[in-house]
Amino acid sequence: MAANNYPTVADLVADAMNLSGFELSEVKNQAPVLMNMPAVMSSDGDYHRYATYTTAPTVAFRSENAGRVLSHSADSITNVALKILDWSFGVDKAVADRWRQGGPSEYIAREGLRHLGAAMFKFEQQYFNGTGADAAGFNGLTNSANLNNPADEMVINSGGTTADVQTSCYLMRVNPAECAAVFKGDSFQLGETVVTHLPDNSNPENVFPAYYTPATSWFAAQIGSKYSVARIANIEDATNDKLTDDKIYEALSLFPAGMGPNLIVCNPAALEMLRASRTATNVTGAPAGTPTEVAGIPVLTTDAITSTEAVIS
């Protein structure tokens, strides 16, 4: 098991008095899809269960005084297991007390905001990549039996065949009944910071005073019905295998009439493939602009979808 990674005085590089008031970031951990996704409370503790209408009743015209065979509708129940996401953190009290820009409370708030951002991105990674992102986490889109085979009804095969350089684009019906985040507990919140003791990594029998902030909750992905998500899979940066408008329109055709998606999600590399596939028609001959929608459906990018997926076959 890896040792706890506590911050040290050497990590307080942003506390220098001669720095500007701006802090920049080189970390890719935004969660734009989660920010546009409804959150629903688990229906049954650490399990979330919902019914899906799967079979329509059979009806028919008939003649006078002639009967017909009666029928009925049918439903199925989906059971989703929630998993614990933990973004708790601790810092040596002496280290936090040294923070000159507002004292320990400001340092803890700063670190807490970063842990919260990392937790939200972790959720987004899990939603798309499922147990391929973290085996201890909940099942995501790539775990869905409706989306993990090119022969599946809601999958378009873009044609890529090179190992570990694939990506995917998802067309989603995002709403509280279909694609949503499921939670139990406090959702994305930080607990109350307390002064306690934490173990020394070198000798766990030795302890030191620390500020400890608990932050945990239970999460899962609600994916809805078979027609809630379509996937364009096996996208790679090769001539015939890139993401194009034609492939997105082909994926749109998989949805039932009147039940199309309201969000298209891919990573920045796939979005650039889509842009490059378009022919600029303006009088200046300038390149086509970055797409923001297809068929009136917003396009959103996330770094949670990788460009290192395996070929699905």
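This is a short talk on the sheets, the cores and a few individual residues of one predicted model.

Let me begin with the six-stranded sheet. Six strands come together in an open sheet whose order is 6-12-7-13-15-14, and the pairing within that sheet is mixed. At its edges are strand 6, residues 155-157, and strand 14, residues 293-294, each of which pairs on one side only. Further in, strand 13, covering residues 263-266, pairs with strand 15, covering residues 297-301, in the parallel sense and over three bridges. If you would like a position to look at there, take Val 265, whose bridge partner in strand 15 is Leu 300. Across this sheet lies helix 4, residues 245-252, which crosses strand 6, strand 7, strand 12, strand 13, strand 14 and strand 15, and which runs at about 145° to strand 12.

The other sheet I want to show is an open one of four strands, in the order 1-8-11-4, again with mixed pairing. Here the edges are strand 1, residues 39-41, and strand 4, residues 83-86, and each of these pairs on one side only. From one strand to the next the twist averages 40°. Strand 1 pairs with strand 8, residues 180-184, in the parallel sense over three bridges, and within that stretch Met 41 stands opposite Phe 183 of strand 8. Helix 3 packs on this sheet, where it touches strand 4, strand 8 and strand 11, and its direction makes about 30° with that of strand 11.

Helix 3 leads us to the interior. Which residues touch the most other members of the largest nonpolar core, a set of 64 residues? They are Tyr 127, Phe 128, Leu 171, Met 172, Phe 188, Ile 232 and Leu 243. The element that gives the most to this core is helix 3, residues 103-129, with seven residues. There is also a second, separate core of nine residues, and among its members are Leu 12, Phe 89, Val 95 and Trp 99.

Leu 243 deserves a closer look, since its contacts can be followed one by one on the screen. Leaving aside residues up to four places away in sequence, Leu 243 touches Cys 169, Ile 232, Ile 235, Ile 248, Cys 266, Ala 270, Met 273, Leu 274 and Ser 277.

Two cysteines appear in that list, and it is natural to ask about disulfides. How many disulfides does the structure hold? The number is zero. For Cys 169, the nearest cysteine sulfur is that of Cys 266, at 4.9 Å, and because a disulfide requires sulfur atoms within 2.5 Å, Cys 169 is in no disulfide. The same distance, 4.9 Å, separates Cys 266 from its nearest cysteine sulfur, that of Cys 169, and Cys 266 is likewise in no disulfide. Cys 169 counts as buried, with 0% relative accessibility, and Cys 266 is buried too, with a relative accessible area of 1%.

Turning to the aromatic side chains, the structure holds ten aromatic pairs. One of them joins Trp 99 and Tyr 107 in a tilted arrangement, 5.3 Å centre to centre and with 55° between the planes; both of these residues are buried. Another tilted pair is formed by Phe 128 and Tyr 170, with 5.5 Å centre to centre and 45° between the planes. That pair links distant parts of the chain, for Phe 128 is in helix 3 and Tyr 170 is in strand 7, 42 residues apart. Phe 128 is buried, with a relative accessible area of 1%, and Tyr 170 is buried with a relative accessible area of 1%. Ring pairs also gather Trp 87, Phe 123, Tyr 127, Phe 128, Phe 138, Tyr 170, Phe 188 and Phe 219 into a cluster.

I will finish with two asparagines and a threonine. Most residues other than glycine have a negative phi. Asn 65, although not a glycine, has a positive phi of about 65°, and Asn 234, also not a glycine, has a positive phi of about 60°. Are their settings buried or exposed? Asn 65 lies in the loop between strand 2 and strand 3 and is exposed, with a relative accessible area of 83%. Asn 234, by contrast, lies in strand 12 and is buried, with a relative accessible area of 2%.

As for the threonine, Thr 52 has its place in strand 2 and is buried, with a relative accessible area of 15%. Not counting residues up to four places away in sequence, Thr 52 touches Ala 74, Asp 75, Ser 76, Thr 78 and Ser 225.

How values were computed:
Residues are numbered from 1 along each chain as its sequence is written. This is a predicted model: local features need pLDDT of at least 70, side-chain atom pairs count only at pLDDT 80 or more; totals for chains, interfaces and linings use all residues. Side-chain values use heavy atoms; hydrogens and water are left out. Two strands pair if DSSP finds at least two bridges between them. Helices (H or I, at least four residues) and strands (E, at least two) are DSSP runs, numbered from the N terminus. Contact means heavy atoms within 4.5 Å. Axes are lines fitted to C-alpha atoms, for helices over the stretch in contact, and angles run from 0 to 180 degrees between N-to-C directions. Buried means under 20% relative accessible area, exposed over 50%, partly exposed in between (1.4 Å probe, protein chains only). A nonpolar core is a set of buried Ala, Val, Leu, Ile, Met, Phe, Trp, Tyr and Cys residues joined through side-chain atoms within 4.5 Å. Rings of Phe, Tyr and Trp (its six-membered ring) pair if their centres lie within 6.5 Å; planes under 30 degrees apart count as stacked, over 60 as edge-to-face and the rest as tilted.
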